[in-house]
Amino acid sequence: MEISELDRKFNIIDGDTPINEHLSAHYKRSFAHYTVKDRLPVILTRIIDSLSREKEAIIAGYGEEAADDLKDVIGNISKLKYELQTDKKFKLLDGNDTDQEEWNAFLEALPDTHNSYFSAVWLHAECYMYRRVRSMFEETTTLREFDYFRRQKKDAFMGSLEAFQQLTEKFNEKRMVKTRDELRGLFRQLMRVNLWGNRIDLSISGGKIVSQCGDPFEALGNLEEYILADDTAAVWDCIATTDGNIIVDFVCDNAGYELFTDLCLADFLISHNLAAKVRFHVKMIPWFVSDVTPEDFRWTLDALKLSVTATLRDLGCRLSNYIETGHFELIEGEYFWTSPRDFCEMESVKPSVHRMLQQAHLVIFKGDLNYRKLLGDIKWDPTVPFVEAIRTFRPTNLCSLRTVKADWWRDCHQDVLKSSQRRIPSGWRVVNTVLFSLHSNRAALSGL
Ligand SMILES: O=P(O)(O)OC[C@H]1O[C@](O)(CO)[C@@H](O)[C@@H]1O
Ligand SMILES: [Mn+2]
């Protein structure tokens, strides 16, 4: 079928998402369109490939019955790919997962004009695809607990070991800082290391293993010019002006190198008495390929503890000890993070999560997907300040740490935009361009 014929059939508009509209694959020249048309089918195909490749190992681990389950799942993923590529309406979810009813209520309430892959809000379409894959496994007898992205996450972790080592060594050298100024300087560096950590994401690479190579601290200087918006000073003030008896929350994104940098930043906060507790909110089901699940979190601490190098072993022991002492807390069991809801809906849809975030003095939202959820997946006018774009979402002080993977102009102030245009020709082609934004909610930080 000719592409134009397809476009006509799916009612695709030949243009980019208009300002103030929701991002959607409906607009042919948008990154959302490229994602739904090209990236998501590739991610589905990669799941099928890895299941076929690992078939024997899976059967060895999950029993003979897993062979039939694998066959069913592979067939169902192929069907899902067909549904996606032919823009079928979203189906209700089967199965008994905890969040199934909420998801179905959400799907049933979608207007008829926005409930298929190319017509829906991009956030909804993308989340729905990952959630459908999960239900296929949930319906099996043997593979309900199987994480079909785990192999890739582990491989990416292993590929980053050298960077972990370098980061920990540098961090150990610097840990002993004493003065407030030195502390602030180290915080600034760790925030940047953390921000860069978000580059390593296995969904943007289509599931291909990408790991952090080279010395992360050394790379910082060259990367500085790519930072679009930087409120580190406000974030530091927000933390450093307290008595340290505060909770800091991470709404986590990717496992592997990024989680490692989250743990380093959290370690810094605890070991310098800047926070009494750091909580990590993670996903309950395999999500956007590399997102952290409780199992990934525990596995990461264990792998560090068992590392061949003493530096990483010591770190692993210290971090695990923080769990024992309650300085770190893994928050699991919450399905809101894998719902299609944006964060503005949190207070009404899941007040318990909102109340929990309110206990924290600062919440750090990691990554591109969380950023999109903060902004409601809307293509904001670039001049709209972050604090307006997050609308009524005000649980506490907020910080968003994100490398820009989706539409990049939404968070730029005009002056930044102008200077970045020299480097970035247009729209979604910036997918491989490294850009950062480091946002805090200035209004919330100043106590509004
Ligand atoms: O891991 P992160 O930072 O949330 O980014 C992942 C996501 O970024 C996007 O490319 C754009 O939002 C998604 O399509 C992708 O899967
Ligand atoms: Mn992610």
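1. Let me start with C127, since this cysteine is a handy way in. C127 counts as buried because 22 C-beta neighbours sit inside 10 Å of it, and the cut-off for that label is 20 or more. C127 belongs to helix α6, which covers residues 122-138. If you were wondering about T261, it lies 134 residues from C127 in sequence, and the C-alpha to C-alpha distance between the two is 25 Å. Do keep in mind that this is a predicted model.

2. Now the overall picture. I count on 20 helices and seven strands in the protein chain. Of its 448 residues, 44% count as buried. Among contacts with a separation of 6 or more, 80% are between residues 24 or more positions apart.

3. On domains: the assignment splits the protein chain into domain 1 (5-138) and domain 2 (150-447). Their contact draws 31 residues from domain 1 and 24 residues from domain 2. On the domain 1 side, helices α2 (31-53), α5 (100-109) and α6 each put in at least two residues. Which helix gives the most to that side? That is α6, with eight residues, and α6 is also the helix that holds C127. The domain 1 side of the contact breaks down into 14 nonpolar, seven polar and 10 charged residues.

4. A helix pair to look at is α3 (residues 55-62) with α4 (residues 66-85). Their axes approach within 9 Å and cross at roughly 130°. How should the pair be labelled, then? An angle over 145 degrees would be roughly antiparallel, and 65 to 115 roughly perpendicular, so α3 and α4 come out as oblique to each other. From α3, the contact uses K55, I58, I59 and Y62, while α4 brings A66, A67 and L70. By class, this contact has six nonpolar residues, no polar ones and one charged.

5. Last, the ligand. How many residues surround ligand 1? There are 15, and the closest are S203, G367, D368, L369 and A406. Helix α17 (residues 367-375) supplies the largest share of this shell, four residues. Sorted by class, the shell around ligand 1 has four nonpolar, five polar and six charged residues. When you open the model, I'd view S203 and A406 along with G367, D368 and L369, as these are the closest residues to ligand 1.

How values were computed:
Residues numbered from 1 in each chain as written. Chains lettered and ligands numbered in written order. Predicted model: local features only at pLDDT ≥ 70, side-chain atom pairs only at ≥ 80, totals over all residues. Near = placed C-beta within 6 Å. Nonpolar A, V, L, I, M, F, W, Y, C, P; charged D, E, K, R; others polar. Buried ≥ 20, exposed ≤ 12 C-beta atoms within 10 Å, placed from the backbone. Domains from an automatic or database assignment. Contact = placed C-beta atoms within 7 Å. Axes fitted to C-alpha atoms, helices over the stretch in contact; angles between N-to-C directions. Parallel < 35°, antiparallel > 145°, perpendicular 65-115°, else oblique.
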